[in-house]
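Me: I would like to learn how to read a structure of this kind feature by feature, with the general idea set out before each case. Could we go through it together?

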Amino acid sequence: MSRGGRVLAPHLAGTPPADPRHTVGIDDAGETPILREYRAVKAGFPEAIVLARLGDFYEMFGPDAEVAAPILGIALTGRNFGNAGRLPMCGVPQQTAVQYIRRLLDAGKRVALWDQVGDVEAGRLVRRAVTRVLSAGTVLEDEYLHPAAVSRCVAVSPGAGRVGVAALDVSTGHLELSELAGGLDTPALAETLQRLDAAELLTPEDSALPQRLLPHAARTELPAALFDTARADERLRLLTGTVSAQGLGIDRVPVARAAAGAVLAYCERARVVLTPELLRIEVHEPRSTMRLDAQTVRNLELFVPLGEHGLSIMSLLDRTRTPMGARRLRAFLYEPLIDVDAIAARAAVVETMVRARDSRRGLREALTRVRDIERLVSRCVQGTATPRDLAAVRDTCAALPDVQAAAEAIGDAAVSASARRCRAPDELLTHLTALLVDDPPATARDGGAVRPGADGELDDLLTAGADARVFIGALEARERERTGIRSLRLGYNRVFGYYIDIPNAQQGNVPADYIRKQTLAGSERYVTADLKAQETFVLHAHERAVAREQALLHAAMIMVGAHAADIAEAAGALAGLDVTQALATVADEGAWVRPRVDASGVIDIVEGRHPLVEEALGPGRFVANACRLDDAARIIVLTGPNMAGKSTYLRQVGIIVLLAQIGSFVPAAEARIGVCDRVFTRIGAQDDLSGGMSTFMVEMAETAAILRQATGRSLVILDEIGRGTSTYDGMSIARAVIEHLHDAPHLNCRTLFATHYHELTALAERLSRVRNARVEVVEEGDSVTFLHRIVDGGADRSFGIHVARLAGVPASVLVRARDLLAELERSRPLMQRAVRDADQLTLAISEPAAHPVVEELAGLDLDALSPLAALNKLAELHERAAT
Ligand code: ADP
């Protein structure tokens, strides 16, 4: 038999065997004590599913088990607990617990980890404590977080006509405070929560935060008393070591401070550790940035692709090399700037980096060695960093001088200033390098993370253990020699530890000092006093070595944590350098240009492209188009058949404006962008199934919101307004909207309006600042070719039947459709004349207005209507129009 097949290995290989006592089940732990303790813990965390660590498993009991088992897809079992009777129970292995906990969090549950914190001692119940409460907003473990996304715990506190918002990113210790005018139902609050990527929302009990706000975020109601400014100030004083709110620069936002008190109290209870070094507080100034609503974020595909191209603006731009850079890019996209100077400052650095191609490559290269230092430092403060995390801190510290040098090589004052901030205290690198092996293990459980020679005490323990292992390793040969028993074997099992196995035939030769331990069918198992002593030595030395290592690692975490503020500073600078090189890389590779951004009311784009469609089509296939909006031309009415490229064009202008305002280059040959305070979009049809609104109702609600919120400095993009209802209805509404945008004194905003109602082109005759544009098509006989080129002037008719043919509608149906069209055109002479005869355009357009519904509609004072009244009116008009 081969010698390799034996179970001698665990200690000799350096890994201790699982201690049999660790696998103790709840039954063995004694029926009542553990259950009593469990019940006490559960009473303290009634809102959470309590995961009790019992040996190698996390177990759930009673109702928790019943709730969790189906979510986790595991079997629900039961156990008898003496007098308490049988309780439902389920469990997951500790080793793979992360994936199960993730599932519980995804299902909106909270999880309390009730862990073993003391040493396991025979005959005594292990000391346990709740070490973490995990919820969507309080996770900071790497396994649960996306590197490029921030997930924040956000408290919302209404008070005195204002709403305070406090958003804590527990993975980095960054706390943002802001205050908004109004109550819980304002668009500004919805947009703020969206921008903050809130994973969990904390509100005072019974507050009326609308459910439709961030339906995916977990909701947690807290006692109203927690939202209290005085208590918050006290907490902030303790946490920051600063004496007053004034000292923190947050005295201007008392309502937000109340929210901060709640979020801090909540995270404290979740056992998130915050220290003055880690916690960074910032007051957000809404006025300096553009608010983006959910429609625009969606329609312009900023983060989630809509089209089959599968790309979003974020994924296109994300050429960052570090998680900090990716998160900063996300923040840029959520908050385009509106200050011309701030935009110019960003764009100037991007421009320098575009030019410095070689140095930029050097910087990219250096950045690849930088790890997520921002989150790593937070895990050190929590005391949960793994040896690999510490090594990542070490490697990042080691990479910083190269990043600095590469950034300096770009030769730009602003870049060099950032480079100088990319520093970590020397002692960190020195200490971590001396302490850790090059490639430490994933956990500190089994030792092996600390470099030999780093610590005398550890070295001594390891040497002692190694000597004992050598003794045991050599014992088999030695005993064979001494006893003359060739078939003597040394073995190991979890119950008896090391033993000497002697076949029955050789029992007569067993020495007197052998102590019999176990009788098997073909052999007897023995131990010797020496063997047991050395075994204890191995086990003990190993345990003590691991404990010593853990203490050394813990001290290193404290050291890193003490430098959290310096590291945050470096992380901020790294994020800035990284996002800038990413924007420069995209600009360089895509031949983008730096736009001229100014305070004019102009948008002038030469050969603009839609970056996502262009990327999807491949080189040379996208048709570039110009766009000019200025004081004389405020509204472009764009007509053209379906599938011609109208909506691509509209989105492209919106995207170019947003890119320009985050400081990026833009996909165009030239561009001048007069800063927009907002970009509004209403594109495509979306049913709001949850809200029970029809497509048309959604369309109108979105349009109403735009008309209410837009200002003269906004860009409004409207695609196919009125499509969701009958032709006359739709056309009338579309026309009324254009007139309103054109005539309302506070509006007159830059507008792109795409429509397939070619009749609307007549408006340009009456409204001085309306221009017509159309997508060019070439007709040859029965076929139509889309050129995707936008030219001046209106389309003279729609091409629906041609599109139907392209889509493969059978010829007989097409012939019939053409006949019907001809018939309709004959029966509507006014409409027909409108198309053919420019002089009659106004008449044609006003024909639908003769309808009483349209007259009433035109007479409505939209400014005086509340959204609800507007919707009711619409519903009424719609019904009357249909009869
Ligand atoms: P519409 O809004 O007029 O119905 P779309 O904007 O959805 O049309 O465009 C239809 C398709 O035409 C797009 O999916 C794209 O593949 C193609 N397309 C649009 N614009 C262009 C362009 N400028 N160059 C090349 N292809 C384009």
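Me: In which strand is E607 found?

Reply: Please keep in mind throughout that this is a predicted model. E607 is found in strand β18, which covers residues 603-608. The backbone angle phi is worth reading here as well, since E607 has a phi near 50°, a positive value in a residue other than glycine.

Me: Where does H788 lie, and what is its phi?

Reply: H788 lies in strand β26, residues 783-792, and has a positive phi of about 60° although it is not a glycine.

Me: Are E607 and H788 buried or partly exposed?

Reply: The idea is to read the relative accessible area against two cut-offs, with buried meaning under 20%, exposed over 50%, and partly exposed in between. E607 has a relative accessible area of 47% and is therefore partly exposed, and H788, at 35%, is partly exposed too.

Me: Why does L202 count as buried?

Reply: L202 counts as buried because its relative accessibility is 0%. This residue has its place in strand β10, residues 198-204, and, if neighbours within four places in sequence are left aside, L202 is in contact with a set of residues that includes C153, V154, A155, V156, L222 and F227. Sequence distance and spatial distance should be read side by side, as with L202 and G137, which are 65 residues apart in sequence and 9.4 Å apart in space, C-alpha to C-alpha.

Me: How should I read a nonpolar core, and which residues touch the most other members of the largest one?

Reply: In soluble globular proteins, nonpolar side chains tend to be buried together. Here the largest nonpolar core has 163 residues, of which L317 and I603 touch the most other members. Helix α20, residues 564-589, gives the largest share of this core, with 12 residues. Not counting residues up to four places away in sequence, I603 touches, among others, C627, L629, V653, V657, I673 and L715. There is also a second, separate core of 30 residues, which includes I706, I721, L741 and L877.

Me: Is E479 buried or exposed, and what does its side chain make a polar contact with?

Reply: E479 is buried, because its relative accessible area of 9% is under the 20% cut-off. For a residue of this kind, it helps to look for a polar partner, and the side chain of E479 makes a polar contact with the side chain of Y514 at 2.5 Å. E479 has its place in helix α18, residues 456-483, and, leaving aside neighbours within four places in sequence, its contacts are G484, L488, I500 and Y514.

Me: Turning to the ligand, how many residues surround it, and which are the closest?

Reply: A ligand site can be read first through its shell and then through single atom pairs. The ligand is surrounded by 14 residues, the closest being V623, M643, K646, S647 and T648. By kind, the residues of the shell divide into six nonpolar, six polar and two charged, and helix α22, residues 646-661, supplies the largest share, three residues.

Me: Which atom pairs should I look at, and how much of the ligand does the protein bury?

Reply: A backbone N or O atom of M643 lies 2.7 Å from an oxygen atom of the ligand, while for A644 a backbone N or O atom lies 3.2 Å from a ligand oxygen atom. In T648 an N or O atom of the side chain is 2.6 Å from an oxygen atom of the ligand. Taken alone, the ligand exposes 570 Å², of which the protein buries 79%.

Conventions:
Residues numbered from 1 in each chain as written. Predicted model: local features only at pLDDT ≥ 70, side-chain atom pairs only at ≥ 80, totals over all residues. Heavy atoms only, no water. Helix = DSSP H or I, 4+ residues; strand = E, 2+ residues; numbered from the N terminus. Buried < 20%, exposed > 50% of the residue type's maximum accessible area, 1.4 Å probe, protein only. Contact = heavy atoms within 4.5 Å. Near = heavy atom within 4 Å. Polar contact = N/O pair within 3.5 Å; in protein donor to acceptor, adjacent residues only side chain to side chain. Areas by Shrake-Rupley, 256 points an atom, 1.4 Å probe, with all protein chains shown as cover. Nonpolar A, V, L, I, M, F, W, Y, C, P; charged D, E, K, R; others polar. Core = buried A, V, L, I, M, F, W, Y, C linked by side-chain atoms within 4.5 Å.
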